[in-house]
Amino acid sequence: MKKYPDQHVHTEFSPDAEAYLEQYLVTAKELGLEYLMVTDHRDFGNPHPLFLDPIDYDHYFKVLKEQEEKHGMPIRIGVEIGYGAKYREEIEDFLNQYPFDFVIASIHNGEGKCFYSGDFFEGKGQHESYYEYFKLVLDMVQNFSNYDVIGHLDYITRYGPFDNKVYSFSDFQDIIDRILGIVIENNKGIELNTSGLRGELKTRFPKDGLLLRFKELGGKVITVGSDCHTNNDYLSGVSDGIKHLKSLGFTEVSAFNRRKREVIKI
Ligand SMILES: [Zn+2]
Ligand SMILES: [Zn+2]
């Protein structure tokens with residue numbers, strides 16, 4: 001297969017990233033990649049102060065086009081939407097306004113309660129917290145379909161004050177089945193996000209139980225991304241992630257161009 005570009009990449013335009021678009025372009029060119037995919041954050045209703053000041057997208061598209069020309073490296077412009085139920089119409093309007101190549105839909109907080117600061121977990125046990133997270137994802141896929149893949153499904157396990165953060169797939173199978181059923185029925189996908197391998201948990205999101213269930217239910221659409229927030233982490237874990245998918249029985253991965261799916265056999 002030809003080299004598969006990282007499908008989840010944050011640049012200096014993401015408020016929580018220390019990474020530079022130009023450096024990614026240089027690296028992508030050196031590696032002979034066909035394009036650079038960028039998926040900066042646009043979070044709706046994120047309580048974290050960093051996210052109060054979103055990107056000026058008119059400026060963003062202009063800068064990215066200029067950089068694309070300067071480096072002779074095509075840029076596919078994706079976006080990672082931080083979804084909030086209250087903002088659904090605003091999100092639709094936003095996505096209709098710009099010609100994105102790829103849309104990742106992620107749940108980054110619990111209706112305004114921050115995962116990162118721990119607010120979300122206050123007064124909740126582990127099972128209840130994780131269940132609540134999956135409920136938010138379910139609500140998202142039931143009411144919103146203007147996305148290509150769900151971001152880092154099950155990454156709630158990265159947060160929370162629990163000693164053992166590992167969850168058992170079978171404890172959440174009912175709700176996960178409902179999520180995956182809708183995703184598959186709508187011809188949408190999930191991503192294999194390798195960022196967890198660089199953190200405390202040493203795991204990809206989602207875990208294998210969930211990936212295997214996705215396959216069993218007929219799911220095919222999977223993108224692979226590092227979710228890098230620094231240039232050093234670009235492509236980190238991506239080719240191993242593809243090998244891993246192959247070992248689980250997947251035969252293809254996906255990428256998106258102008259919201260159209262490309263299939264890459266593995
Ligand atoms: Zn995310
Ligand atoms: Zn991300």
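**Entry 1: I81 and the core**

I looked up the contacts of I81 and, leaving aside neighbours within four places in sequence, found R42, I91, V103, I104, A105, S106 and Y147. I note at the outset that the model is a predicted one.

I then turned to the largest nonpolar core, which has 62 residues. I81 is among the members that touch the most others, together with L36, V103, A105 and V137. Helix α4, residues 126-143, gives the largest share of this core, namely 6 residues.

**Entry 2: α4 against α5**

I next examined how α4 packs with helix α5, residues 173-185: the angle is about 20° and the axes are 9 Å apart. Because angles under 35 degrees count as roughly parallel, I recorded α4 as roughly parallel to α5. The crossing of α4 past α5 is left-handed.

I listed the residues that make the contact. From α4 they are Y131, F134, K135, V137, L138, V141 and Q142; from α5 they are I175, I176, R178, I179, I182 and V183. Sorted by class, this contact holds 10 nonpolar, 1 polar and 2 charged residues. V137, listed here for α4, is also one of the core members noted in the previous entry.

**Entry 3: I190 in β7**

I located I190 in strand β7, residues 189-193. Is I190 buried or exposed? I190 has 26 C-beta neighbours inside 10 Å, and since 20 or more are required for a buried residue, I190 is entered as buried.

Not counting residues up to four places away in sequence, I190 touches V149, I150, L153, V183, P206, F214 and I222. Of these, V183 also takes part in the contact of α5 with α4. I also checked I190 against A105: they are 85 residues apart along the chain, and their C-alpha atoms are separated by 9.3 Å.

**Entry 4: Backbone geometry**

I began with the expectation that most residues other than glycine have a negative phi and that most peptide bonds are trans. I then recorded departures from it.

P206, a contact of I190, follows a cis peptide bond from F205, with omega near -5°. I placed P206 in the loop between β7 and α6.

N187 has a positive phi, near 55°, and is not glycine. I found N187 in the loop between α5 and β7. N187 counts as exposed because 11 C-beta neighbours lie inside 10 Å.

D227 is likewise not a glycine, and its phi is positive at about 60°. This residue sits in the loop between β8 and α7. I counted 27 C-beta neighbours inside 10 Å for D227, so I entered D227 as buried.

**Entry 5: T11, before α1**

I looked up T11 in the segment before α1. T11 is buried, as 27 other C-beta atoms lie within 10 Å. Setting aside residues up to four places away in sequence, I noted that T11 touches A17, A19, Y20, L21, Y24, V38 and D40.

How far apart in space are T11 and C228? From C-alpha to C-alpha I read 8.5 Å, although the two are 217 residues apart in sequence.

**Entry 6: D240 in α7**

Finally, I placed D240 in helix α7. D240 has 13 other C-beta atoms within 10 Å and is therefore partly exposed. I also looked up D240 and G125, which are 115 residues apart in sequence; their C-alpha atoms are 34 Å apart.

Conventions
Residues are numbered from 1 along each chain as its sequence is written. Chains are lettered from A and ligands numbered from 1 in the order in which they are written. This is a predicted model: local features need pLDDT of at least 70, side-chain atom pairs count only at pLDDT 80 or more; totals for chains, interfaces and linings use all residues. A nonpolar core is a set of buried Ala, Val, Leu, Ile, Met, Phe, Trp, Tyr and Cys residues joined through C-beta atoms within 7 Å. A residue is buried if 20 or more other C-beta atoms lie within 10 Å of its own, exposed if 12 or fewer, and partly exposed in between; C-beta atoms are placed from the backbone. Helices (H or I, at least four residues) and strands (E, at least two) are DSSP runs, numbered from the N terminus. Two residues are in contact if their C-beta atoms, placed from the backbone, lie within 7 Å. Axes are lines fitted to C-alpha atoms, for helices over the stretch in contact, and angles run from 0 to 180 degrees between N-to-C directions. Angles under 35 degrees count as roughly parallel, over 145 as roughly antiparallel, 65 to 115 as roughly perpendicular and the rest as oblique. A crossing is left-handed if the near helix is turned anticlockwise from the far one by less than a right angle, and right-handed if clockwise. Ala, Val, Leu, Ile, Met, Phe, Trp, Tyr, Cys and Pro count as nonpolar, Asp, Glu, Lys and Arg as charged, and the others, Gly among them, as polar.
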